[in-house]
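Visitor: Please choose one part of this structure and take me through it closely, residue by residue. I would also like to hear how that part sits within the whole.

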Amino acid sequence: MPASRPLRADARRNREALLSAARQAFLGGDTDAHVEDIARSAGVAVGTLYRHFETREALIEEVYRKEVDDLCAAPDDLLDQHAPEEALRRFLLLLVDHAAVGKGMSVALESIMATDSPVFDDARTRMGDVLTRLLDAGSAAGTVRGDVTGPTLLRALGGVCAMRVTEGWLDEARQITCLLLDGLRHGALRAS
């Protein structure tokens with residue numbers, strides 16, 4: 001389906017139902033969910049699924065991309081509702097939760113890691129840009145140090161989230177994330 005042509009309302013509903021059903025299957029731990037099961041769960045025929053997504057991998061990629069889109073949209077609201085330091089704290093914890101969601105999808109995502117899909121590079125770039133924006137806001141407010149970049153902070157958080165294979169990792173990752181934030185506060189030029 002050409003990207004320049006908008007979807008009809010029923011086609012848009014079908015696409016959203018497919019993405020929702022796939023997300024629920026993958027995040028619910030059904031990493032081997034077949035397209036037939038996903039289509040049935042979405043209330044559409046398999047042919048409808050294939051009209052929207054040429055392959056199972058394309059569907060998985062789109063589910064992941066939507067997760068990243070939702071995550072990267074969060075800072076606007078966070079900065080509108082909170083001081084920059086608090087917005088950064090909340091977003092860092094959202095990234096940890098995103099990693100927890102990614103754990104449920106990790107096996108499904110492995111099927112697209114071997115392809116030349118730019119989805120992971122795009123996600124890292126976008127998340128790094130969002131973190132840079134939040135760090136810049138905190139630095140301008142004098143509440144976080146200004147010598148750390150978004151991509152650097154994302155790499156640090158990636159190391160924290162790599163622990164997700166161990167039992168109880170999520171609570172520990174949140175605690176370490178708070179330590180990271182404390183480190184970002186250290187040396188900040190506090191606004192008087």
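Guide: The protein chain exposes about 10,500 Å², and carbon and sulfur atoms supply 51% of that area. Please keep in mind that this is a predicted model. Of the 192 residues in the protein chain, 39% count as buried. The secondary structure consists of 8 helices and 0 strands, so from the N terminus on, the order of elements reads α-α-α-α-α-α-α-α. If we look at contacts in the protein chain with a separation of 6 or more, 70% of them join residues 24 or more positions apart.

The part I would like to show you is helix α2, which covers residues 35–42. Let us begin with its inner side. V35, I38, A39 and A42 are the buried residues of α2. Viewed down the axis of α2, these buried residues fall within an arc of 100 degrees, so they line one face of the helix. A general point helps here: an α-helix has 3.6 residues a turn, so residues three or four places apart point the same way. The buried residues of α2 pack against three other helices, namely α1, α3 (46–52) and α4 (56–81).

Now turn to the other side. On the face of α2 directed away from its buried side sit the exposed residues R40 and S41. R40 has a relative accessibility of 58%, which is why it counts as exposed. The side chain of R40 also forms a salt bridge with that of D37, at 3.0 Å from N to O. Both partners belong to α2 and stand 3 residues apart, about one turn of the helix. D37 has a relative accessible area of 31%, which makes it partly exposed. Just after α2 comes G43, which takes a positive phi of about 80 degrees.

For the packing of α2 against α1, A21 is a good place to look. A21 lies in helix α1 (residues 9–27), and with a relative accessible area of 11% it is buried. Setting aside neighbours within four places in sequence, A21 is in contact with I38, S41 and A42. Notice that S41, an exposed residue of α2, is among these partners of A21. Between A21 and I38 the C-alpha to C-alpha distance is 5.7 Å, with their positions 17 residues apart in sequence.

How does this region relate to the nonpolar cores? The largest nonpolar core holds 31 residues, of which L88, F91, L92, L95, M127 and L131 touch the most other members. The elements giving two or more residues to this core are α4, α5, α6 (119–141), α7 (150–161) and α8. The biggest share comes from α6, with 8 residues. L92 gives a picture of the packing there: not counting residues up to four places away in sequence, L92 touches L131, L153, L157, T177 and L181. A second, separate core has 17 residues, including A21, A22, I38 and V44. I38, which we met on the buried face of α2, thus brings us back to our helix.

You may like to set the R40 and D37 pair beside other charged contacts, since the structure holds 16 salt bridges. One of them joins the side chains of D10 and R8 at 2.8 Å, N to O. Here D10 is partly exposed at 31% relative accessibility, while R8 is exposed at 58%. Another joins the side chains of E85 and R185 at 2.1 Å, N to O. E85 lies in helix α5 (residues 84–113) and R185 in helix α8 (residues 169–185), so this pair ties together parts that are 100 residues apart in sequence. E85 counts as buried at 18% relative accessibility, and R185 as partly exposed at 24%. There is also a network of salt bridges that links R15, E61, E62 and R65.

One last item concerns the cysteines. The structure holds 0 disulfides. C72 is buried, at 13% relative accessibility, whereas C178 is partly exposed, with a relative accessible area of 35%.

Key: Residues are numbered from 1 along each chain as its sequence is written. Side-chain values use heavy atoms; hydrogens and water are left out. A salt bridge is a side-chain nitrogen of Lys or Arg within 4 Å of a carboxyl oxygen of Asp or Glu. Buried means under 20% relative accessible area, exposed over 50%, partly exposed in between (1.4 Å probe, protein chains only). Helices (H or I, at least four residues) and strands (E, at least two) are DSSP runs, numbered from the N terminus. Contact means heavy atoms within 4.5 Å. A disulfide is a pair of cysteine sulfur atoms within 2.5 Å. The arc is that of the directions from the helix axis to the C-beta atoms. Accessible areas come from the Shrake-Rupley method with a 1.4 Å probe; for residues, only the protein chains shown count as cover. A nonpolar core is a set of buried Ala, Val, Leu, Ile, Met, Phe, Trp, Tyr and Cys residues joined through side-chain atoms within 4.5 Å.
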